[in-house]
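Trainee: I have a model open and I'd like to learn how to read its features. Could you walk me through it?

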Amino acid sequence: MALPVPEWRGRAARRWAVLDSALREQLAAAPVRDAVRLGCHLLRAEEAAALARLCRRVRTGKEPAAAGLYRDQGNREFGRGRYRVAVRLYSKAASHELHGSPDISICFANRSAALFHLGHFEVCLEDIARAESHGYPERLLPKVLLRKAECLLCLGRLQDAADAFSVVESKIHTDGLMTSPTHQTLLKKLSQLKVKIHEKKRCAEPAREACGDVQGKSEIWEENDSISGASSSLTLNFDTERGRHLVASQDIVPGQTLLKEEAFVSVLCPGESLLLQDSETAWDTRVTNADLYCHHCLRQLLASVPCRECSYAKYCSQDCADVAWEQYHRIECSLGALLLTLGVFCHVALRTVLLAGFAEVNRLVKWSHSGDKDPHNPKARCKCVSEVPDTGAGTRGIPGCNDTGQYQSSYQAVFHLLPHTEQHSPEHKFLCMLSVVAICKHLQEAGLHTALLNQESSEQWSKPKTSEKPLDELSPEMKTVAEAMLRHVLQLQCNAQAITVMQELGPGDGAVVNKKPVRLATAFFPVLSLLNHSCCPNTSVSFSGTAATVRASQPIPRGQEIFHCYGPHQCRMGVAERQQLLRQYFFECRCRVCLGELESDVKSVVSMRNSFCCPSCQAPMQGEEDLLCCSDEACATSVSRENLSHRLRDLQQQIKQALDLLGDRKTDQAIKILLKCQMDAENFLSPEHLLMGEMEDHLAQVYATLGKWQEAARHLKKSIEIVEMHHGPSSEEIGHELFKLAQILFNGFAVSEALSTIQRAEEILSMHCGPQSAQMQELQEMKTCLSELPRSILQRT
């Protein structure tokens, strides 16, 4: 959720409505600096109290009772053999246990058992070490140590396994409980595993180096001298119409990497289910992004390391936890509920300031007050930006460049992103201002502002002291922080970059894995922000953790501008709808695609493909008003748009029901519903409607679950035809569909067709996702496996 919760937005709107009209006019015209100055006195005690009540709905503290509930549920799921679900529940339990409590060791030990069953032996060992370091009960230790030895055995670390078995054996013999049934069972298992170790040692062969013949050639990369993270094939230009933009300085081929940039700042999007509406005693067991990804590096979590102080922040390793604490979380930690209530944009703004450091923030804010053109030298005047020629020869006068003319992924570049202060609605600016002031006042009242302003390390940081300043007054330094934060919140409207990932649908343990793109985080990428928009871009953007990679998606000749798609692609939406959505970025799209569609009277292809058809004769329906008429004059059937829209909504609900049944492994019922939905859809939807393709995709998934590979492939090929019509033959969407088809053909042993599908999928996905993506690696593994089959088999398939 980018903006604050609806209740806070509503309260801000009501507060705005009752302000004196002269004050409203003053605020509407005020620059960021004056808005903060005025806003400090507009956050009244009653608004602060209402915000505090909203924050109490969001639970981010340690709650041992919740830990017990999650652990018990994890035990039940473990007993059912649902180890992946159990891992996530044990992780939620660990995040709620108090740091130093022996109960947290039980969470780690239980999670290690689930990880062992999933075959994640290295991570299992890490959890066992965590359990031991947190004081795991002595009486239960032999069982965990035996699991450690089994992990080492499975990893082929035979000597380590033998040493671990010796420790377990000694422990069992010296604890004085040799006669207990549990220890007798352990001894029996220990004896069996010791035999396995001896057998493995006897049969062990010298380790051979892995063959490197399947690795592709590494891409030649030469970084730009003037633009950090950009290829040398790009140059930075500026003109008054297009602003800062990147242009090809040489011919670029499809798939060529143009930009590799780490986010200056990123904040995980938590998911709506974190907000509990009514209950003060129940805990949410649903899984969200906050449970699945590291809150620092955004890598997918397997066994999370919880924050020591709050239950919300989770990390992939202790290293990430420590870095996050030093850089920003020691200040954010106690503000968790407030930041979740006020939304991701406010959170990104605060973290941006924390990462930049107060000294740099103060320098640039003061520079912005001076009107000077050179942020590095207040006394020296640089050439006005509007006077910089669009030659690409020099970048010294371009906003965001440093004193040597380099454009870097730095706070200075972030600060120079346009906030469009004059274009935001007054009500929106007021909401953002109130929210930012609320955060800064909380920081000051809690004494956290001293750490923010001084940037001392956690070792130097003493316990915060409550500020003695009155509620309606911010210190001059905190007003500077508030001004920078408000600037960043307004910048995010046009410059926020969504970090997306392909997330698995369902349990993820089937032969064919279905995935969908999910917004994972919101970030500032100052170099990526240089790319202007086009509804038909010439690049594709992919993400790995907090890093963005931009690749050419088509040939780009020398001198052509590099474009990125901010919103709906031309294949996904008609020009009128696209223009409406793009207005949020305060510009009217004039890309060649939009201009071509606006000048043409022909109805958009997208609208035609996603249109209704006549329930009587299946000819396309037409009409702009509520009443739609059959395009076949001989038929003359007319139906209200609302009637057909209601049928579409009902159809979508039935499809969701079928997918829920599939998730519960009730495949027969799922097939019946999907086939019925398909028959109903044919009566009123265009054959090329995207929903028709989605149903074919779902049927392919069901048949793959049953191992009916030929039937699954037949349905998926129909889906691919429709996806290709909508998104194009080289689109990323087609690449993901071909990946699924390759999995189905591979499992169905259709070797020849599988190899050709793999090759086509590789060509597309390498261009969009890069050669090192997870899907590309799996395609390579499938190809290697099929290529190593005997020639006689290859000739028959």
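Mentor: We'll go through a sheet, then salt bridges, then aromatic rings. Keep in mind that this is a predicted model.

Trainee: Let's start with the sheet. What is the order of the three strands in the open sheet, and is the pairing parallel or antiparallel?

Mentor: The general idea first: strands of a sheet pair through backbone hydrogen bonds, either parallel or antiparallel. Here the open sheet has the order 13-14-15, and its pairing is antiparallel. Strand 13 (621–622) and strand 15 (638–640) are at the edges with a single partner strand each, so each has one side without a neighbour in the sheet.

Trainee: How many bridges join strand 13 to strand 14, and which residue is the bridge partner of Met 621?

Mentor: Two bridges join strand 13 to strand 14, which covers residues 627–630. Met 621 has Cys 630 of strand 14 as its bridge partner.

Trainee: And which strands does helix 24 lie across?

Mentor: Helix 24, residues 641–663, lies across strand 14 and strand 15, and it runs at about 65° to strand 15.

Trainee: On to charges. How many salt bridges are there?

Mentor: The count comes to 26, taking a side-chain nitrogen of Lys or Arg within 4 Å of a carboxyl oxygen of Asp or Glu. When you read one, look at the distance, then at the burial of both partners. Take Asp 291 and Lys 314, whose side chains meet in a salt bridge at 3.6 Å, N to O. Asp 291 belongs to helix 12 (residues 289–292) and Lys 314 to strand 6 (residues 314–315), so the pair ties together parts that are 23 residues apart in sequence.

Trainee: Are Asp 291 and Lys 314 buried or exposed?

Mentor: Asp 291 counts as buried at 12% relative accessibility, and Lys 314 counts as buried at 5%; the cut-off for buried is under 20%.

Trainee: What about a salt bridge within one helix?

Mentor: Try Arg 363 and Glu 360, whose side chains meet at 2.8 Å, N to O. They are three residues apart in helix 16 (residues 358–370), which means about one helical turn separates them. Arg 363 is partly exposed at 26% relative accessibility, and Glu 360 is partly exposed too, at 25%.

Trainee: Which residues are joined into one network by salt bridges that share partners?

Mentor: Arg 15, Arg 44, Glu 46 and Glu 47. Within that group, the closest N and O atoms of Arg 44 and Glu 46 are 3.2 Å apart. Arg 44 counts as partly exposed at 32% relative accessibility, and so does Glu 46 at 45%.

Trainee: Now the rings. How many aromatic pairs are there?

Mentor: Seven. For each pair, read the centre distance and the angle between the planes. Phe 612 and Phe 684 are stacked, at 6.3 Å centre to centre with 25° between the planes. Phe 612 is in the loop between helix 23 (605–609) and strand 13, while Phe 684 is in the loop between helix 25 (667–682) and helix 26 (690–705), so this pair ties together parts 72 residues apart in sequence. Both rings belong to buried residues.

Trainee: Which residues form one aromatic cluster with Phe 264?

Mentor: Tyr 411 and Phe 415. Phe 415 also has Arg 487 over its face, at 4.0 Å from the ring centre.

Trainee: Which ring does the charged end of Lys 92 sit over?

Mentor: The ring of Tyr 70, at 5.4 Å from its centre.

Technical notes. Residues numbered from 1 in each chain as written. Predicted model: local features only at pLDDT ≥ 70, side-chain atom pairs only at ≥ 80, totals over all residues. Heavy atoms only, no water. Pairing = 2+ DSSP bridges. Helix = DSSP H or I, 4+ residues; strand = E, 2+ residues; numbered from the N terminus. Contact = heavy atoms within 4.5 Å. Axes fitted to C-alpha atoms, helices over the stretch in contact; angles between N-to-C directions. Buried < 20%, exposed > 50% of the residue type's maximum accessible area, 1.4 Å probe, protein only. Phe/Tyr/Trp six-rings, centres within 6.5 Å; stacked < 30°, edge-to-face > 60°. Lys NZ or Arg CZ within 6 Å of the ring centre and 35° of its normal.
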